[in-house]
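Let's work through a few exercises on charged side chains and how they pair up. Keep the sequence and the 3D view open as you go.

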Amino acid sequence: MDMPETDSMKITPLQEENLKIAVENTCELCREYHPGPFLEIHRISRSLYKEMKRDPSTRILIVCTICHAHIHNLPVPAGKQRALVKKRSFFVRRDMRRILGYQPRPYQAPDDINIPLIYEEYFGRCPPGSYRLGG
């Protein structure tokens, strides 16, 4: 299910509370524990990142009130905010996607798989047997 492409993603109070629980009430910027009321949802500008259009969990950060003020007042560049999103664990990403109701598109393998070409691209650059010595 693709999310709408508007910047105003609606998050219900129940979803907001569950998102805070998903990050274990920890600010994603300063990594400090805060009670739920002191955490806020920050929406990341997605004008530069087209891949953020589908997955709503890549468009938000859960931050404490102090860090949220710093993000807007300094301002923290969107690239650094995006880097914080990439640091999330698999489980946090999975939980956030589930809470926001995002279902990724199922993987569809290409119809024209050329095994010899793939083998040549993967192993053709190194002498035979050298990939075992890589450690």
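The exercises below deal with salt bridges in this predicted model.

**Exercise 1.** Find how many salt bridges a search of the whole structure gives.

*Solution.* The search of the whole structure returns five salt bridges. The next exercises look at some of them.

**Exercise 2.** Examine the pair Glu-16 and Lys-20: how far apart are they in helix H1, and is each buried or exposed?

*Solution.* Start with the contact: the two side chains, Glu-16 and Lys-20, form a salt bridge at 3.4 Å, N to O. Next, place them: both sit in helix H1 (residues 13-22), and because they are four residues apart, about one helical turn separates them. Finally, check accessibility. Glu-16 has a relative accessible area of 28%, so this residue is partly exposed. Lys-20 comes out at 6%, and since buried means under 20%, Lys-20 is buried.

**Exercise 3.** Work out which parts of the chain Arg-97 and Asp-55 link.

*Solution.* First, the side chains of Arg-97 and Asp-55 meet in a salt bridge of 2.7 Å, N to O. The pair joins distant parts of the chain, 42 residues apart: Arg-97 belongs to helix H4 (residues 90-100), while Asp-55 lies in the loop between strand E1 (39-43) and strand E2 (60-64). Then compare the values: Arg-97 is partly exposed at 27%, and Asp-55 is buried at 5%.

**Exercise 4.** Identify which residues are linked with Asp-95 in a network of salt bridges.

*Solution.* Begin with Arg-98, whose side chain meets that of Asp-95 at 3.9 Å, N to O. Both lie in helix H4, three residues apart, about one turn of the helix. Arg-98 is exposed, with a relative accessible area of 58%. Now add Arg-94: together, Arg-94, Asp-95 and Arg-98 make up the network.

Methods: Residues are numbered from 1 along each chain as its sequence is written. This is a predicted model: local features need pLDDT of at least 70, side-chain atom pairs count only at pLDDT 80 or more; totals for chains, interfaces and linings use all residues. Side-chain values use heavy atoms; hydrogens and water are left out. A salt bridge is a side-chain nitrogen of Lys or Arg within 4 Å of a carboxyl oxygen of Asp or Glu. Helices (H or I, at least four residues) and strands (E, at least two) are DSSP runs, numbered from the N terminus. Buried means under 20% relative accessible area, exposed over 50%, partly exposed in between (1.4 Å probe, protein chains only).
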